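Q: Please take a close look at the largest pocket in this model. What is its volume, and which residues lie nearest its centre? Then place it among the parts of the chain around it.

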Amino acid sequence: MAKIIVKNIETLMLNVLPMERTPTSKGDLAIHPFVAAKYREKGYDTKPTSPTEADARGEKSFNGLMSSLPAIRVYPSEGNTVIVADIAPTRYLIGEALRDLAKSGIYTSEDIKEMSPNMVGVSLVVPVKIKSQYFLLSQIKGKALGSGQIHAALVAGNIDAEYLQYENPLTIALQKESSEELGMDLSSLDPTSIVYIVDEKETGQINFAYVAKNANAINILTAYERNVTPKILKGEELEVMALAKLPVAGIALVHLSDGSSGLKDVLCYHPTAQGLTKVVEDRGVRPYTQATIDYLSKPENVKFLLEKAGF
């Protein structure tokens, strides 16, 4: 199960490696041999590597160059934590090869975590206060991994390798995702520095989470509606198909009618050509959301998160 593994991070030091991490990499850069074999077996090594190449070959998707963590070290220090991590350009479908192994049912969850290439993600957790109660504004995934499921962060995405040339690639990625998914400049959400790390190794990922400060729910919903309405009118698929409102405390996973774990009676804001429509519905959840719910089951963590959010 995914979990939050490090909180109250004081410093993150990223050591950007100049070489691509591939299925043939050796030493500390090596991909687990089972993942590397699955990558080749699925033909991922022959997929287009750019939009231009995909167009030329008449394919809809491409194997983009993202990032992964070959190594991560944690140094606790008097209540705060210093993280030192190596980060290297890595093809997106290496993570997909890990997920293919997980779907096979041959390996235990612990086996899968040991094989994880640790593809890097970044996210923004957004607590809001509505009528004296606290909620997380979250997203429902659209045309992305986990489509239709709730992701407890409002903004989330991978770290494109092109961002590794900048001083703070994680912030650059978060800004891009905020603009694309919400239509909001990141500065308007006033994010903290990185607060905690979400271990999603069961899906091949490690996620660095920021927290928005003094976020306003109406402003966010208005920006989201303004951002997606033109896309709906053009018939485009949305990266974020809807937004959801989750209680910060007292929320629990239940078994849904399809046998999966998820949440019942979630208030969701679905975009239409005429504006946002409120719908109460049952939804499955991403591993990130499972980790968040488990973390917020402890009152001291709720207090910590709300204090980080400026409440």
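A: The answer starts with the pocket, goes on to two helices, and ends with the loops and the whole chain.

The model is predicted, so local features need pLDDT of at least 70 and side-chain atom pairs count only at pLDDT 80 or more, while totals for chains, interfaces and linings use all residues. Residues are numbered from 1 along each chain as its sequence is written, and side-chain values use heavy atoms, with hydrogens and water left out.

The largest pocket (on a 1 Å grid over the protein atoms alone, an open set of points with protein on both sides within 12 Å along at least five of seven lines, the probe being 1.4 Å) has a volume of about 1,200 Å³. That volume is the space filled by probe spheres set on the points, which are joined across faces, edges and corners. The pocket is lined by 43 residues, where lining means having an atom within 4 Å of a point. M66, Y92, K143, A144 and N158 lie nearest the centre of the largest pocket. Two or more lining residues each come from β3 (65–77), α3 (92–103), β5 (119–130), β6 (133–141), β8 (155–158), α5 and β10 (205–211); helices (H or I, at least four residues) and strands (E, at least two) are DSSP runs numbered from the N terminus. By class, this lining holds 16 nonpolar, 12 polar and 15 charged residues. Here Ala, Val, Leu, Ile, Met, Phe, Trp, Tyr, Cys and Pro are nonpolar, Asp, Glu, Lys and Arg are charged, and the others, Gly among them, are polar.

The second largest pocket has a volume of about 270 Å³. Its lining includes E96, R99, L145, G146 and R286. Helix α3 gives the largest share of this lining, 4 residues, and α3 and α4 (109–115) each supply at least two. The lining of the second largest pocket divides into 4 nonpolar, 3 polar and 5 charged residues.

Helix α5, one of the elements lining the largest pocket, runs over residues 169–182. Its 14 residues reach 20 Å from first C-alpha to last, close to the 20 Å expected (1.5 Å times one less than the number of residues). Among its buried residues are L170, A173, L174, E177 and S178, buried being under 20% relative accessible area with a 1.4 Å probe and protein chains only, exposed over 50%, and partly exposed in between. G183 follows α5 and has a positive phi, near 75°. In the loop between α5 and β9 (196–200) is S187, which is exposed at a relative accessible area of 55%.

Helix α5 also helps to cover the buried residues of α6, as do β5, β6, β11 (240–247), β13 (261–272) and β14 (275–284). Those buried residues of α6 (217–233) include A217, I220, L221 and Y224.

Two further residues belong to this neighbourhood by element. S132 is in the loop between β5 and β6, and D265 is in strand β13. S132 is not a glycine, yet has a positive phi of about 70°; for D265, also not a glycine, the positive phi is about 55°. S132 is exposed at 60% relative accessibility, and D265 at 59%.

The chain has 8 helices and 14 strands. Of its 311 residues, 53% are buried.

Technical notes: Contact = heavy atoms within 4.5 Å.
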